[in-house]
2 protein chains.
Amino acid sequence: MKLRRSSRLVDMTVYLLRHPHQIISLSYFSDRYESAKSSISEDLTIIKENFETQGVGRLQTLPGAAGGVSYLPFMNGREAENFLAELKEQMTDTNRLLPGGYLYMTDILGRPDVVNAIGRLIASVFVDEKIDAVMTMETKGIPLAYAVAFQCSAPVVVVRRSSKVTEGSTVSINYISGSSKRIQTMVLPRRSLKKGARVLIVDDFMKAGGTMKGMINLTGEFGATVAGMAVFVEKEDEQPKLVGNYTSLLRLSIPEQENRLSMENGNVMDFFTGPGTGGSLENRR
Amino acid sequence: MKLRRSSRLVDMTVYLLRHPHQIISLSYFSDRYESAKSSISEDLTIIKENFETQGVGRLQTLPGAAGGVSYLPFMNGREAENFLAELKEQMTDTNRLLPGGYLYMTDILGRPDVVNAIGRLIASVFVDEKIDAVMTMETKGIPLAYAVAFQCSAPVVVVRRSSKVTEGSTVSINYISGSSKRIQTMVLPRRSLKKGARVLIVDDFMKAGGTMKGMINLTGEFGATVAGMAVFVEKEDEQPKLVGNYTSLLRLSIPEQENRLSMENGNVMDFFTGPGTGGSLENRR
């Protein structure tokens, strides 16, 4: 159908948001709207400026025959800061304290808008990595993994505690839970991961990091590589973490024998401000 | 910031897509863009036409002091038909048959784009219902529930097979699995549902409907109401289903003792064509 610029802008925006990290050829759009490629290029310039100013993401143009345009979701530093500030306010509530040093987060992680924003934030950190799959451990990590995976345009693989008939043959490993020191099992369907796949591991909560370490080992069993690790909330512990080099959005401390908790930003904000990661907060804003 | 029409259109489109089923006042947009309400109204007319032509959804204008605009995601009949056709093609593969009359769908439900499209389709069926929460049973239903819940702007509540320390106090019921006739337990945190809440129940697979019936009973325990039920795949069975009045996207048959399966559209397409549901397929297209 032939569309005017104003309609093209609306339609292209919808299309790009639904197809992150995918290369869309200019011909696709010019056929879709029966418009010249030069007009499409002008449209994309308008969208690009807008996406960058508003912190929606980057629009990357790839020249040449295999070229086109690719929308890379990217939350800017200011939105990340505001989003984490809002979460901290909601989560620093002693009514949320549960036995065993856990925190009640079910209501917050039950909100799809919050989960989608977490997904956009984590995907921003790994925007320049090639991600073939997003891995998580059932159950609480699942919504987060899908939110991240959508923004990375990658499938989700869900690790389970035991094998299920609906998943066909599986690979399983034993691992030691970091906090309880108990031996536990994790299982992944054999068809889930290809050799050499680059895996982003995502989870909702990390205490000592035993589960995360298990998922690293499981990734190795498939001949796949860990491209990155991200957790929503990490808990400050007396014991050192079993894994390093992960991104955390929030950091929880529960002082011993006191009925209080504190929540601060995790290391994710270093990504927006850190010297080794592409410049100052201003640049990334 | 002051924006030109072309930039406003891009930004408003992003904003509307991220805030389905929410009333946004014209003042919000006119403040955001430092533009007259009359210009905003014109912008919305362009977006509305486009969303309706392209099957993105409806844009509902609510007049008066509490008024504004609301974006209601709605997949049209043609997109629904094409989407189901694609799924049927991928799923009608005897390699997917598993012992016990199950189907391997982990790869398909691992794709966030597929899951999001299922969410848009189910949300379309319930577009005119007030939905306060989307309920599902762990584990496979979770991604679907979030995809639906985002489009309905409602939180997700996840029913579990046993209570977990991270969820606080819980309500549990026993139910009889429809296929295996075994007594099983389902559990939901006490804080999950308010009395009178209207609940949309979503699941990935239904055999006899025992799990679905359990979730109906559990909803009743909270003094909440079932606003609707939807399953991705229902399986044809010799025994009659334990529940009625649900929406299914696909219907699977596995003839006894034969190594084949067939997959056809579920009753969801009646919504787009049925006489009692607002008109012909053409109208809903």
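1. Two residues are taken to be in contact if their C-beta atoms, placed from the backbone, lie within 7 Å. The points that follow concern a predicted model, and they move from the pairing of the chains to the domains of chain A.

2. Under that criterion, chain A and chain B each bring 41 residues to the contact between them. On the chain B side, the residues divide into 23 nonpolar, twelve polar and six charged.

3. As to where these chain B residues lie, the elements that give two or more of them are the helices α1 (5-18), α3 (37-53), α5 (106-109), α6 (112-125) and α7 (141-152), together with the strand β6 (156-159). The largest share of this side, eight residues, comes from α1(B).

4. One helix pair across the chains deserves a separate look: α6 of chain A, residues 112-125, packs with α7(B) at an angle of about 110°, and their axes are 9 Å apart. Because angles of 65 to 115 degrees count as roughly perpendicular, α6(A) is described as roughly perpendicular to α7(B).

5. In this helix pair, α6(A) makes the contact through A:Pro112, A:Val115 and A:Asn116, while α7(B) does so through B:Tyr146, B:Ala149 and B:Phe150. By class, five of the residues are nonpolar and one is polar, with no charged residue in the contact.

6. Within chain A, the domain assignment gives domain 1 as residues 5-73 and domain 2 as residues 77-284, and the centres of the two domains, taken over C-alpha atoms, are separated by 31 Å. Their contact takes six residues from domain 1 of chain A and eight from domain 2 of chain A; the domain 1 side has three nonpolar and three polar residues, and no charged ones.

Notes. Residues numbered from 1 in each chain as written. Chains lettered and ligands numbered in written order. Predicted model: local features only at pLDDT ≥ 70, side-chain atom pairs only at ≥ 80, totals over all residues. Domains from an automatic or database assignment. Nonpolar A, V, L, I, M, F, W, Y, C, P; charged D, E, K, R; others polar. Helix = DSSP H or I, 4+ residues; strand = E, 2+ residues; numbered from the N terminus. Axes fitted to C-alpha atoms, helices over the stretch in contact; angles between N-to-C directions. Parallel < 35°, antiparallel > 145°, perpendicular 65-115°, else oblique.
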